Amino acid sequence: MSKVAVITGGGSGLGKVTAKQMAEKGINIVVVDIDQESGQETVELVKQAGVDAFFVKADVSKADEVKNYVDQAVEKYGTIDYFFNNAGISGSGKLFLETDVNEINKIVEINMLGALYGMHYVAEVMVKNGGGSIVNTSSSAGVIGQSTVVTYSATKHGIVGMTKSMVAEYAKDGLRVNAIAPGPTETPMVKKYFEDNPEMKESAEKGIPQRRLGTPEEVAELVTFLLTSDAPYINGDVIRIDGGFTSTK
Ligand SMILES: NC(=O)c1ccc[n+]([C@@H]2O[C@H](COP(=O)([O-])OP(=O)(O)OC[C@H]3O[C@@H](n4cnc5c(N)ncnc54)[C@H](O)[C@@H]3O)[C@@H](O)[C@H]2O)c1
């Protein structure tokens with residue numbers, strides 16, 4: 001029987017490319033996103049690989065909408081084998097003291113609460129059914145400190161904490177939970193950030209030992225490796241994928 005993956009933020013960037021790569025491995029995909037149009041596009045894309053897929057619209061910062069995408073996945077496929085807990089937003093790039101509290105709340109609600117709700121409802125299904133594998137999306141900003149991303153960094157460090165602590169509680173039940181910490185990667189989110197802050201792109205590339213941004217394909221390969229059975233004994237880890245960026249800090 002085909003395995004089943006749920007991917008949040010599946011309409012764009014890392015989520016979309018990971019959905020495509022996992023579909024090419026014959027895995028059925030539940031695409032979750034707040035943006036219906038892009039989410040549907042990903043569904044059509046992955047179906048070309050011959051797998052089954054459907055879209056669930058959800059704002060991951062709303063617990064009831066998270067429970068709904070989990071319920072729909074289980075209703076259709078009976079279980080969830082793989083979960084890419086990935087939806088997230090960046091901030092405005094302002095210094096922290098110039099950042100509005102509404103922005104702080106929004107980033108925390110989506111990046112941190114959204115990830116916690118996702119793990120809560122998905123892990124419940126996985127533990128009940130004998131196990132599963134989760135990859136949470138952290139960031140370079142989740143493993144080092146950086147200017148202009150204080151709130152984002154707080155949420156991405158939080159992702160690292162929730163990843164490690166979930167393993168302490170549920171690895172014995174067959175759950176694997178890992179996090180990825182990508183450096184700047186050429187997805188729509190980053191393209192927009194660099195359009196709004198053009199001086200940042202050049203300095204970002206200069207700060208990366210490999211002197212280029214990452215590609216979504218490179219990150220998707222890592223996620224697929226971690227999620228699937230190719231990595232059965234990697235658990236509670238945070239894998240940096242950043243061209244050497246954080247290793248030089
Ligand atoms: N691109 C990078 O350089 C980079 C680096 C490190 C970490 N990340 C992280 O990777 C993840 C994916 O980012 P990306 O670069 O692919 O961005 P992206 O903007 O291309 O994709 C993010 C997707 O999440 C969806 N989304 C946003 N808010 C949502 C919500 N409340 N509920 C449901 N879906 C929502 C968006 O509609 C979009 O489809 C994020 O968690 C981001 O913080 C990205």
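How many Å separate an oxygen atom of the ligand from a polar backbone atom of Gly 183? The distance is 3.5 Å. The model is predicted. This briefing covers the ligand site, strand 3 with its neighbours in the chain, and the aromatic pairs.

**Ligand site**

- The ligand is surrounded by 29 residues. The closest of these are Ser 12, Asp 33, Tyr 152, Thr 185 and Thr 187.
- Thr 185 also places a polar backbone atom 2.6 Å from an oxygen atom of the ligand.
- At Leu 14, a backbone N or O atom is 2.8 Å from a ligand oxygen atom.
- Taken alone, the ligand exposes 820 Å², and the protein buries 92% of that area.

**Strand 3 and the crossover**

- Strand 3 spans residues 53-57 and is mostly covered, with 4 of its 5 residues buried.
- Strand 2, residues 28-33, pairs with strand 3 in the parallel sense, over 5 bridges.
- Within this pairing, Val 31 stands opposite Phe 55 of strand 3.
- Between the two strands the chain passes through helix 2, residues 36-47, in a β-α-β crossover that is right-handed.
- In a regular strand, side chains alternate between the two faces of the sheet.

**Aromatic pairs**

- The count of aromatic pairs comes to 2.
- Phe 54 and Tyr 77 form a tilted pair, at 5.9 Å centre to centre with 40° between the planes.
- This pair links distant parts of the chain: Phe 54 lies in strand 3 and Tyr 77 in helix 3, residues 63-77, with the two positions 23 residues apart in numbering.
- Phe 54 and Tyr 77 are both buried.
- Tyr 69 and Phe 83 have ring centres 6.4 Å apart and planes at 40°, so this pair is tilted.
- The pair of Tyr 69 and Phe 83 also links distant parts of the chain, joining helix 3 to strand 4, residues 82-85, across 14 residues.
- Tyr 69 counts as buried because its relative accessibility is 0%, and the cut-off for buried is under 20%.
- Phe 83 likewise counts as buried because its relative accessibility is 0%.

**Elements that recur**

- Strand 3 holds Phe 55, the residue opposite Val 31, and Phe 54, the partner of Tyr 77.
- Helix 3 contributes Tyr 77 to the pair with Phe 54 and Tyr 69 to the pair with Phe 83.

Terms used. Residues numbered from 1 in each chain as written. Predicted model: local features only at pLDDT ≥ 70, side-chain atom pairs only at ≥ 80, totals over all residues. Heavy atoms only, no water. Buried < 20%, exposed > 50% of the residue type's maximum accessible area, 1.4 Å probe, protein only. Pairing = 2+ DSSP bridges. Right-handed = clockwise from strand over helix to strand, strands pointing away. Near = heavy atom within 4 Å. Polar contact = N/O pair within 3.5 Å; in protein donor to acceptor, adjacent residues only side chain to side chain. Areas by Shrake-Rupley, 256 points an atom, 1.4 Å probe, with all protein chains shown as cover. Phe/Tyr/Trp six-rings, centres within 6.5 Å; stacked < 30°, edge-to-face > 60°.
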